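Biologist: Could you take me on a close look at the backbone spots you would check by eye, and then at whatever surrounds them? I'd like one connected story rather than a list.

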Amino acid sequence: MRTDLQKELGLPTPIVQAPMAGGATPPGFILACMRLGLLGSLGAAYLSPDVLKAQVEEIAAASAAPLNINLFLPCGRPPAPGVVEGMLDHLAPLHVAAGLPAPALPDPAEQDFAAQLTMLRRLRPRVASFVFGCPDAGMVAALKADGILVIGAATRLDEARLVAASGVDAIVAQGGEAGAHRATFIGGFEEGLVPLRSLLPQMVAALDIPVIAAGGLMTGEDIRAALEAGAALAQVGTALLRADECGIPQAHKDALGRAAGEGAETMLIRHWSGRAARGLANGFTRGLDAAGIAIPPFPLQNAMTQALRGHGRKTGDADLLALWCGTGYSGARAAPLADIVSRLVAEAGFPSQNH
Ligand SMILES: Cc1cc2nc3c(=O)[nH]c(=O)nc-3n(C[C@H](O)[C@H](O)[C@H](O)COP(=O)(O)O)c2cc1C
């Protein structure tokens, strides 16, 4: 079972290591995924052009395998009056408790997308992928002219048709099960929670470009079923989160294990970034719910909660971490990456890799 996109990219295995911005995908993790035959993906949304360059050069120095660089398309909108100030008031006592300076809205609140894109084009990865909107057709054409394979993302069929019309080479079908930020850009986030088993066949039937399945693929059987339903590749995020090599904090990995034992369910969380993302509730999200105040939109809230999340990472406090994960998180194994991937490959019945 070798798909055309797999052949085009020269991938030993039809699995994409999901891009996961925010520190989950350090170069060592991506290289380990590449060695195991996956398409390695750098979640570069929060990286400055210089750090992006350094990380890509580190990866390229160690592997000639194809690399996917992933960016967020700009999607910010202005906050309602008073919302930022209200959030700073809410965050102030949390900063005092953590021994942090008073909260502030960093300026700028996000990386400069144009500068990231310029660097991406200089670095010329084999693949570039974009989420949070419909890529601009001119940008897609320019990247393709550079020899870069371009991937978009959608959570519903109307989004998928628009993204396909931009000229992308392939598209991620992000099922409602998927961990972290939703790619939704039409309608409300709740309306974009189509399960992968419905979304994938819809997109495969309606589009004439390869569709990459994402969301809730936790076992090799899940991956195989997605390919049999017409997916060109299977993208896995949550299944790799508790791997030793994954860059999320140990407290995040441990929290997933504890929550699985308690049978906790994931939910859509806007609290950390201002944009709906799937993960687990914790002390921070419950405190904000209790306060009942409005949350500033992405990327403002993301920028304002950065210091607290950094503190959570440093101190191992899971109440101060964005506990992103997909609905299948209880199936995420705490193990070396090679063990996790070789089990997925064996369960799927793919030929094993000996790198
Ligand atoms: C911690 C985490 C961070 C993520 N960050 C990104 C990202 O930066 N860009 C992106 O396109 N998708 C991101 N995703 C979504 C994945 O690309 C993918 O859609 C999802 O992980 C698939 O569902 P699963 O988590 O159930 O495997 C992230 C997922 C997780 C779990």
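Modeller: Let's start at P299, which sits in the loop between α11 (283-291) and α12 (300-304). The model is a predicted one, so treat every value here as computed from predicted coordinates. What makes P299 worth a stop is the bond leading into it: the peptide bond from F298 to P299 is cis, with omega near 0°. For background, most peptide bonds are trans.

Now go back along the chain to D107 and P108, which are also joined by a cis peptide bond, with omega about 0°. P108 belongs to the loop between α4 (83-98) and α5. If you follow the chain from that loop, you arrive at α5 (113-123), and that is the part I'd like to dwell on.

Which residues of α5 are buried? They are F113, Q116, L117, M119, L120 and L123. These residues cover an arc of only 160° around the axis, which puts them on the same side of α5. The spacing makes sense once you recall the geometry: an α-helix has 3.6 residues a turn, so residues three or four places apart point the same way. As for what lies over that buried side, the cover includes α3, β3 (67-72), β4 and α6.

One of those covering elements, α3, spans residues 49-62 and holds A54. Is A54 buried, exposed or partly exposed? Its relative accessibility is 42%, so A54 counts as partly exposed, the class between the 20% and 50% cut-offs. A54 also has a partner from elsewhere in the sequence to look at: P27 is 27 residues away along the chain, and the C-alpha atoms of A54 and P27 are separated by 9.7 Å.

Back to the end of α5. The loop between α5 and β4 contains R124, and here the backbone does something else to note: R124 has a positive phi of about 45° although it is not a glycine. Most residues other than glycine have a negative phi. The relative accessible area of R124 is 53%, so it is exposed, since the cut-off for that class is over 50%.

R124 also leads us on to the next helix. Past α6, in the loop between α6 and β5, you find D146, and D146 touches R121 and R124, leaving out residues up to four places away in sequence. D146 itself has 16% relative accessibility, so it counts as buried; the cut-off there is under 20%. Put those side by side and you have a buried Asp, D146, in contact with an exposed Arg, R124.

The helix before D146 has its own buried side. In α6 (residues 137-145), the buried residues are M139, V140 and L143. They span an arc of only 100° around the axis, which puts them on the same side of α6. Their cover includes α5, β4 (127-131) and β5 (149-154). So α5 and α6 turn up in each other's cover: α6 is among the elements over the buried residues of α5, and α5 is among those over the buried residues of α6.

Further along there is one more positive phi to check. A180 is in strand β7 (residues 180-181), and although it is not glycine, its phi is near 70°. Just beyond that strand is R182, in the loop between β7 and α8 (196-206). Where does R182 stand, buried or exposed? Its relative accessible area is 0%, so R182 is buried. Setting aside neighbours within four places in sequence, its contacts include F132, T155, Q174, F189, L193, R275 and A277. L268 is in contact with R182 too; the pair are 86 residues apart in sequence and 8.9 Å apart in space, C-alpha to C-alpha.

Finally, step back to the whole chain, which has 14 helices and twelve strands. Contacts that reach far along the sequence, as R182 and L268 do, are well represented: residues 24 or more positions apart account for 68% of the contacts with a separation of 6 or more. Buried residues make up 55% of the 355 residues. The radius of gyration is 19 Å, which agrees with the value near 20 Å for a compact globule of 355 residues.

Technical notes. Residues are numbered from 1 along each chain as its sequence is written. This is a predicted model: local features need pLDDT of at least 70, side-chain atom pairs count only at pLDDT 80 or more; totals for chains, interfaces and linings use all residues. Side-chain values use heavy atoms; hydrogens and water are left out. Helices (H or I, at least four residues) and strands (E, at least two) are DSSP runs, numbered from the N terminus. The radius of gyration is taken over C-alpha atoms; the globule rule is 2.2 Å times the number of residues to the power 0.38. Buried means under 20% relative accessible area, exposed over 50%, partly exposed in between (1.4 Å probe, protein chains only). Contact means heavy atoms within 4.5 Å. The arc is that of the directions from the helix axis to the C-beta atoms.
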